[in-house]
Amino acid sequence: MNLLIVEDEERLRNSLVHYIPWEEHGIQIVGAAETGEQALQLIERRQPDIVLLDIEMPDLSGLVVAKHVSKHYEHIKMIILSGHDDFQSVQKAMEFGVSLYLLKPAGAEQIVDYVLHVANQLRETWAQQREQLLLREKWEYYLPGVRGRAICDILNGKYDREQLGMLNNDLHLGFMMDGYYAVATIKLDDQLAGRSDGGLRSQQTFVLSSMMQTWLAGHQCWINSEQNGTFDIIFALQNDAVDGIIQIHALLEKILGHIRICLQLSASAGICGSVGTVETICAQYSEARSALKQRHIYGSGIAIPYQATYCAGQGVRNKTVQCIVQIVNEEMEQEVTLHGVAERLFVNASYLSRLFKQEMGTSFSTYVIERKMERAKHILLEGAKVYDAAYRVGYRDVSYFTKVFRKHWGVTPGNVKQKREYDDYAEFGTR
């Protein structure tokens with residue numbers, strides 16, 4: 001323990017420094033000052049633990065020094081040594097953080113007792129600080145695991161709103177209690193499990209977990225990983241929930257692509273069909289898990305959105321496809337793309353492509369071309385010009401329209417129009 005003595009009276013200062021066996025008590029003298037200015041310089045250079053401070057000095061008073069120390073060196077303990085029993089001085093000293101106030105003339109034994117008392121206070125403070133640091137270190141070590149279990153419990157609906165609020169505050173989870181959230185589940189596909197022993201699958205999960213953190217950096221989300229290669233993700237949505245869901249679809253498609261390219265593994269994802277506040281996360285989690293199960297119908301390697309129609313039978317499930325067919329029929333004059341339709345229906349294109357083929361027996365692009373060519377033929381047979389027919393089925397390039405039409409029907413649009421004109425002429429000639 002380091003002690004600095006500040007005393008303007010030379011005889012008393014030398015006595016305090018040289019005639020008290022400080023070393024026997026574990027105290028080391030690091031300096032002696034006769035003025036307040038010297039005291040401040042030594043405090044800055046030597047950083048003592050305790051200052052034995054005279055209150056009356058020719059330049060700066062002990063109270064001025066004490067005020068400076070309390071402001072800039074909170075860890076230093078101070079003992080005032082004064083020849084006056086002045087209540088106001090005592091009160092000021094205590095305001096400036098002085099631990100003890102000792103009146104002159106004080107005997108060596110009393111001074112030692114006061115210094116040792118303050119030294120013991122310091123040791124107790126240091127011990128408490130060390131214990132707090134150890135506890136904090138342990139807490140920070142175990143905190144990721146505690147947070148992980150908390151996220152898992154939130155997904156499974158184990159807390160009400162009040163409990164969620166307390167847990168959020170205690171673990172600094174970062175949830176906004178009135179914010180909106182969506183949940184997705186990513187899982188390595190089962191067919192790969194047969195080629196991977198338990199140890200390898202755990203290793204794959206660990207690597208994927210680390211990479212997932214990187215891929216999702218910049219997105220406000222919480223991840224719960226399981227040893228079986230499943231990752232549950234809670235996404236915080238911004239003001240526009242619709243745009244948020246669309247972005248989640250695109251992000252998951254991107255992640256599935258990363259898994260396929262970087263790890264050479266196949267994974268699928270399920271996405272909830274609704275959004276809600278933090279206490280309804282369990283409902284979104286249930287939807288995401290239900291959606292993921294549909295990979296057995298639509299195939300693996302895609303992000304599948306939840307639809308309540310899954311449990312309602314085949315006829316209701318076709319509702320999405322019926323919407324697609326309606327869009328194609330009503331917007332024949334425009335360019336209808338899979339990605340454009342997917343965005344309007346708030347699903348991802350990969351899922352929509354498989355759903356459409358599952359229900360219609362043909363691909364989306366093939367269906368669109370067939371419908372456009374059927375409509376174009378009908379328009380030509382009604383007597384329209386070729387460029388007019390092309391425009392009315394969404395083609396601005398007549399030569400390209402002709403090429404597609406010929407590939408589909410085996411004749412050019414001009415042949416169809418000529419046949420229509422010949423039939424009209426023949427019919428007129430028989431009258």
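Q: Which residue in S8 is the bridge partner of isoleucine 223?
A: That's isoleucine 233. By the way, this is a predicted model, where local features need pLDDT of at least 70 and side-chain atom pairs count only at pLDDT 80 or more, while totals for chains, interfaces and linings use all residues. Residues are numbered from 1 along each chain as its sequence is written, and side-chain values use heavy atoms, leaving out hydrogens and water.

Q: What makes S7 and S8 paired strands?
A: Two strands pair if DSSP finds at least two bridges between them. S7 and strand S8 (residues 230–237) are joined by 5 bridges, so they count as a pair. They run antiparallel.

Q: Why is S7 called an edge strand?
A: The open sheet has the order S7-S8-S6-S9-S10. Strand S7 (221–225) pairs on one side only, and strand S10 (303–305) does too, so these are the edge strands.

Q: What makes Leu40 in H2 buried, and Glu44 exposed?
A: Buried means under 20% relative accessible area, exposed over 50% (1.4 Å probe, protein chains only). Leu40 falls in the buried class, along with Gly36, Ala39, Leu42 and Ile43 of helix H2 (residues 36–46). Glu44 is exposed, like Arg45, on the face turned away from the buried side.

Q: How do you know that the buried residues sit on the same side of H2?
A: Take the directions from the helix axis to the C-beta atoms. For these buried residues they cover an arc of only 165°, which puts them on the same side of H2.

Q: What covers the buried residues of H2?
A: The cover includes strand S1 (2–6), strand S2 (28–33), strand S3 (50–54) and helix H3 (62–72); contact here means heavy atoms within 4.5 Å.

Conventions: Helix = DSSP H or I, 4+ residues; strand = E, 2+ residues; numbered from the N terminus.
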